[in-house]
Amino acid sequence: MATSVARAEQPSLNGIVYEPQTKKLTDLPTELLEHIMCFPVLKHVDVCNVSCCCKRLHDVCHGRGKVWEHQYKIRWPRLQRFYRLNESCDWLREYTTRHRVGIQIRRTVESISKRFFTEVPCVGQVLGDSFAEIESLGMPEHFCEDELLFILHSDKRRSLTLKYYAKKILYFLRQQNILRSLKTFLEQPAEHQSALEGAVLVDQYCNPLADVTLESISEQVDDVAEKVQKMLRIKNPSHPSLRAASGDCVLEDFELQRQALCALNAVLYEQLQYKGNECDYYNPLNSYIHQVLLRKTGIPISLSVLYMTLARKLGVQLEPVNFPNHFLLRWCQKPRGSEDIVDFVYIDAFGKGKQLTAKECEYLIGHQVTADYYSAISTTEVLLRMVGNLLNIGKRGEGNEKSYQLLRDSLDLYLTINPDNVQYLLLQARLYFHLGIWPEKVLDILQHIQALDPSQHGAVGYLVQHTLEHIQHKKHPVTPEAKRRSAPEHLEVQYSVGLIMKHKRSGYNCVIYGWDPKCTMSQEWITTMRVHQLSSGSNQPFYNVLVQDGTCRYAAQENLEPHSAPLEIGHPEVGRYFSEFAETHYVANEELQTRYPEDIGETLGSVRELYHRMSSGSGSREEASATDQTSRQSKSM
């Protein structure tokens with residue numbers, strides 16, 4: 001690597017001849033050598049090779065030096081936030097560890113598709129504790145997450161299967177971290193628990209891939225609080241909350257409190273246009289605090305958390321009230337506090353901050369309630385109410401993947417807060433049993449239920465028996481039979497996996513991921529879907545398709561046709577079956593090709609015939625049009 005520079009002998013002005021001089025690369029100052037070794041064209045392999053040339057270059061490329069720091073930060077820029085500025089670190093060791101983590105994570109992700117392709121159904125599935133091995137690797141957690149993000153952010157249309165499982169692992173790992181944070185939060189004394197922080201944790205758990213942090217949410221709330229203070233400064237420039245730091249002031253004077261709440265209502269509901277979402281009340285986005293701030297709408301409890309947090313920053317202490325069917329806040333009108341319901345004004349954050357008497361609260365729900373329902377509740381109880389709303393939305397779902405995922409996430413949260421609730425423990429066991437996942441955990445849940453409430457032995461016994469059968473079945477999995485198009489019973493199948501189709505009647509776009517020579521659904525399904533009204537009835541090929549709207553459907557051959565302008569299908573399960581989107585079709589991954597070994601050739605042939613013919617036909621029409629135009633021009637001439 002050492003470079004020599006020789007000059008020819010030249011006589012000087014006084015006739016003395018100088019000896020040739022030799023310069024080596026290693027003679028350069030260390031700072032300059034480090035600068036050269038940090039050139040962008042040099043990769044880690046080049047640095048390794050250079051450092052092996054001689055002791056001088058080996059010392060320049062030492063582990064704690066600038067060269068390996070540069071290599072590390074250039075290759076993994078997202079990791080810079082985990083290091084302090086000018087931190088002394090063994091960068092070579094960090095680089096080596098991160099590199100090994102990447103290899104191991106990628107190897108693990110690649111193996112998942114082969115292991116779970118046949119086990120996990122398409123709808124509403126997650127892979128349970130199958131990801132526990134990632135945690136058992138003992139690797140730095142932020143290295144694991146960085147590699148998973150690297151996979152997800154690679155070429156959009158390629159490595160779809162790898163991305164599909166990387167996303168599930170990242171979802172799982174982040175949720176485990178959030179659960180640990182939630183448990184730490186719940187261990188704090190009640191007076192130190194913030195309803196806003198609890199709402200953020202709920203939001204993060206249900207949206208682990210979204211960029212939701214307590215810091216960003218707090219900044220947005222502070223921005224609203226500043227707007228309220230500006231409004232308050234106009235009304236009363238000497239208001240005490242304007243002088244105190246945010247949240248440090250506690251107002252005792254009721255007139256000052258009233259002024260603060262009037263300014264809050266004016267800014268929140270009139271200036272910023274926050275409102276209760278009456279039109280789409282059961283949308284889960286209404287319960288996520290980052291979405292409430294983004295969309296400026298929510299349900300009573302989410303708007304109450306925001307309102308209460310803002311009021312506290314202005315020096316007004318409001319308390320949450322677990323009122324049935326409509327969450328409220330209460331504002332005490334007595335100097336020394338009281339528990340008499342008539343001594344409070346009740347604030348409806350969903351109703352633009354309207355202030356109500358106890359009697360008027362009953363008009364909201366249309367019936368009378370006991371005094372207990374007007375009592376203040378703890379932050380933990382607020383979170384239980386919030387998660388309970390999400391649970392009910394999940395139950396109301398249509399049995400698709402999103403509703404199952406919401407139901408599972410909200411059950412996890414509820415049982416973290418209240419781990420001995422037998423009703424929800426039984427629901428969790430039934431959900432896992434229904435989805436066919438995590439049978440070992442189902443047994444643990446059932447054992448816990450039996451210990452808490454022996455009277456549940458009937459339901460527990462039934463689930464235990466069938467869960468044990470499921471575990472036994474998993475030990476001897478049945479390999480699905482490969483479907484060959486050349487088989488005599490499959491000759492009527494016209495389309496193949498990977499083709500992008502359009503439904504003739506419903507108009508939806510979809511991609512085929514499976515087929516049957518005849519309809520295999522139950523007679524009840526056939527009757528409900530009016531299959532008998534089709535010209536060929538159930539005695540025709542049916543196709544499993546992933547639809548653009550995120551659903552999975554079973555469509556008759558006569559109702560499908562190849563899409564005239566193929567497009568990507570934005571379905572969350574695409575990566576489970578396909579490895580790449582190739583402009584005109586999807587390429588089946590190895591597992592799907594094993595199931596349909598002759599379809600990949602058929603798909604390529606269909607694509608050539610369909611789309612190349614269309615493009616050549618378009619070219620022919622253009623040529624014919626040009627010829628016709630030339631002919632007309634000749635005649636006119």
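**Exercise 1.** At roughly what angle do the axes of helix α9 and helix α13 cross, and within what distance do they come?

*Solution.* The model is predicted, so local features need pLDDT of at least 70, side-chain atom pairs count only at pLDDT 80 or more, and totals for chains, interfaces and linings use all residues. Residues are numbered from 1 along each chain as its sequence is written, and side-chain values use heavy atoms, with hydrogens and water left out.

Step 1: locate the helices, which are DSSP runs of H or I with at least four residues, numbered from the N terminus. Helix α9 covers residues 195-206 and helix α13 residues 300-313.

Step 2: take the axes, lines fitted to C-alpha atoms over the stretch in contact, with angles from 0 to 180 degrees between N-to-C directions. The two axes cross at roughly 145 degrees and come within 9 Å. The crossing of α9 past α13 is left-handed (the near helix is turned anticlockwise from the far one by less than a right angle).

Step 3: list the contact (heavy atoms within 4.5 Å). A195, L196 and A199 of α9 meet V305, M308 and T309 of α13. Five of these residues are nonpolar, one is polar and none is charged (nonpolar: Ala, Val, Leu, Ile, Met, Phe, Trp, Tyr, Cys and Pro; charged: Asp, Glu, Lys and Arg; polar: the others, Gly among them).

**Exercise 2.** Describe the packing of helix α7 with helix α8.

*Solution.* Step 1: α7 spans residues 141-152 and α8 spans residues 160-187; their axes lie 9 Å apart at an angle of about 145 degrees. α7 passes α8 in a left-handed crossing.

Step 2: the contact residues include E141, E145 and L148 of α7 and K163, K167 and R174 of α8. By class the contact has nine nonpolar, one polar and six charged residues.

**Exercise 3.** Which residues line the second largest cavity?

*Solution.* Step 1: a cavity is a set of points on a 1 Å grid over the protein atoms alone where a 1.4 Å probe fits but cannot get out. Two cavities of 30 Å³ or more are counted, and the second largest has a volume of about 30 Å³.

Step 2: its lining (residues with an atom within 4 Å of a point) is Y432, F433, G436, I437, P439, V442, T467 and H470. Helices α17 (422-435), α18 (439-452) and α19 (457-475) each supply at least two of the lining residues. Five lining residues are nonpolar, three polar and none charged.

**Exercise 4.** Over which residues does pLDDT stay under 50 with zero contacts beyond four places in sequence?

*Solution.* pLDDT is the predictor's confidence in each residue, from 0 to 100. The protein averages 86. The stretch asked for is residues 618-637. Residues 120-130 also stay under 50, but there the model has 35 such contacts.

How values were computed:
On a 1 Å grid over the protein atoms alone, a cavity is a set of points where a 1.4 Å probe fits but cannot get out, and a pocket is an open set with protein on both sides within 12 Å along at least five of seven lines; lining residues have an atom within 4 Å of a point. Grid points are joined across faces, edges and corners, and a volume is the space filled by probe spheres set on the points.
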